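I opened this one to practise reading a structure bit by bit. Here are my notes, in the order I looked things up.

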Amino acid sequence: MQCKPHSGAAPRGAAVSRNLYELVTQKIVDSLKEGVVPWRKPWRTNRSLPSNAVTSKPYRGVNVLLLGLGPYEDHRWLTFRQAKELGGKVRPGEKSTMVVFWKYWQKEDEAEGSDSPKRKTIPVLKYFNVFNAEQCEGLALAPILHTGTASPDDRIRSAEALICSMPNPPFIEERGDQAFYLPSEDTVRVPKISRFDTVDHYYATTFHELGHSTGHEKRLNRKGVMGKIHFGSEDYGREELVAELTSSFCCAAVGIDNTIPASASYVDSWLQSLQNDPKAVVIAAAQAQKAADYIRGIDLAD
Ligand SMILES: [Zn+2]
């Protein structure tokens with residue numbers, strides 16, 4: 001599971017799960033329609049990934065996108081109650097932002113003819129509300145240290161280190177003029193770095209293809225990579241979204257700017273994927289979080 005409530009943040013929402021998926025999807029769709037791709041961010045401008053102001057735990061999966069939709073520079077978020085715990089308060093009139101998590105319910109599987117019914121686990125999406133530290137006053141929080149933008153050399157070193165340290169990696173070859181992942185040969189192919197307009201674009205592309213490679217059966221075994229997927233199908237669209245988001249999470253981890261302009265056809269295909277399946281963005285973001293964790297060698301239990 002990707003999105004658990006942070007300590008001190010009691011889940012409030014008990015919305016009908018499907019409606020909640022639709023609500024999350026609508027926020028992402030609205031942003032795409034306004035021409036803003038929520039996962040393409042200038043991470044190198046020292047914008048840290050969102051985390052809880054009290055526990056310092058990072059928000060994960062689709063919450064990274066939801067919290068990134070706001071105008072705030074501060075990456076720290078907290079609940080109404082946590083603001084009080086820190087000796088401050090949310091400013092009157094400030095609007096909260098929703099974050100989601102899954103709660104697991106145990107249910108008996110009532111298969112006919114079974115004397116000992118098995119229990120199955122059903123994930124139900126829930127939400128709670130948080131505020132950005134900039135929406136509060138009087139908080140006992142240290143000021144954010146602006147360390148400045150990492151130099152291009154530092155960003156390249158970090159990105160290379162991430163690629164080189166990926167556990168159980170695919171074969172990576174640099175040639176040709178197209179980037180893709182070939183599951184049958186477990187090979188990522190990307191053009192040489194000199195063929196890209198920026199180094200950031202090269203690494204964002206490489207992370208995208210490495211994202212696909214995490215779906216190989218010897219890694220996370222995703223249907224979108226190992227199944228029979230047809231170009232333009234819903235599964236194809238979702239796997240592309242997983243790779244996009246994986247790239248975004250990896251770029252954020254090493255400070256690579258992935259604000260590559262998205263072509264109208266890409267935006268249309270994402271919109272189609274999201275609008276055809278209200279669960280697509282939440283599930284794709286969860287799978288992407290796992291994929292990025294895999295590439296980074298982070299082993300987080302569900
Ligand atoms: Zn792709």
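**Aromatic pairs.** Before counting, I fixed what a pair is: rings of Phe, Tyr and Trp pair if their centres lie within 6.5 Å. I also kept in mind that this is a predicted model. Searching the whole structure, I got seven aromatic pairs.

I looked at Tyr 72 and Trp 77 to begin with. Their rings sit 5.7 Å apart, centre to centre, with 85° between the planes, so I wrote down edge-to-face. Tyr 72 and Trp 77 are both buried.

Next I took Phe 101 and Phe 128. This pair is tilted, with 55° between the planes and 5.8 Å from centre to centre. Which strands do Phe 101 and Phe 128 lie in? Phe 101 is in β4 (residues 97-109) and Phe 128 is in β5 (residues 118-132), so the pair ties together parts that are 27 residues apart in sequence. Phe 101 is buried, with a relative accessible area of 3%, and Phe 128 is buried with 3% too.

I also noted one aromatic cluster made by Trp 39, Tyr 266 and Trp 270.

**Helix α8.** Trp 270 sent me to α8, where it is one of the buried residues; the others are Val 267, Leu 271, Ser 273 and Leu 274. Do these buried residues line one face of the helix, or are they spread around the axis? Looking down the axis of α8, I found them within an arc of 160°, so they line one face. I reminded myself that an α-helix has 3.6 residues a turn, so residues three or four places apart point the same way. On the face turned away from the buried side I found the exposed residues Ala 264, Ser 265 and Gln 272.

Then I checked the length. α8 has 13 residues (264-276), and at 1.5 Å a residue they should span 18 Å. The end C-alpha atoms of α8 are 18 Å apart, which agrees.

**The zinc ion.** Which atoms coordinate the zinc ion? I listed NE2 of His 208, NE2 of His 212 and two OE entries from Glu 240, at 2.1 to 2.5 Å. The angles at the four donor atoms run from 53 to 137°, which makes the arrangement irregular. For tetrahedral, all angles would have to lie between 85 and 135 degrees.

Along the sequence, the donor residues are spaced H-x3-H-x27-E. His 208 belongs to helix α5 (residues 199-213) and Glu 240 to helix α7 (residues 234-254), so this pair ties together parts that are 32 residues apart in sequence. Is His 208 buried or exposed? His 208 counts as buried because its relative accessibility is 11%. Glu 240 is buried as well, with a relative accessible area of 17%.

I stayed with α5 for a moment. It is mostly covered, with 13 of its 15 residues buried. Its 15 residues should span 21 Å at 1.5 Å a residue, and the end C-alpha atoms are indeed 21 Å apart.

**Cysteines.** My last job was to look for disulfides. A disulfide is a covalent bond between the sulfur atoms of two cysteines. With a cut-off of 2.5 Å between the sulfur atoms, I counted zero disulfides. For Cys 250, the nearest cysteine sulfur is that of Cys 251, 7.2 Å away, and Cys 250 is in no disulfide. Cys 250 counts as buried at 0% relative accessibility, and Cys 136 counts as buried at 6%.

How values were computed: Residues are numbered from 1 along each chain as its sequence is written. This is a predicted model: local features need pLDDT of at least 70, side-chain atom pairs count only at pLDDT 80 or more; totals for chains, interfaces and linings use all residues. Side-chain values use heavy atoms; hydrogens and water are left out. Helices (H or I, at least four residues) and strands (E, at least two) are DSSP runs, numbered from the N terminus. The expected span of a helix is 1.5 Å times one less than its number of residues. Buried means under 20% relative accessible area, exposed over 50%, partly exposed in between (1.4 Å probe, protein chains only). The arc is that of the directions from the helix axis to the C-beta atoms. Donors are N, O and S atoms within 2.8 Å of the metal (3.2 Å for Na, K and Ca); water is not among the atoms, so sites may look incomplete. Four donors count as tetrahedral if all angles lie between 85 and 135 degrees; four count as square planar and six as octahedral if opposite donors are over 155 degrees apart and all others between 65 and 115; anything else is irregular. Rings of Phe, Tyr and Trp (its six-membered ring) pair if their centres lie within 6.5 Å; planes under 30 degrees apart count as stacked, over 60 as edge-to-face and the rest as tilted.
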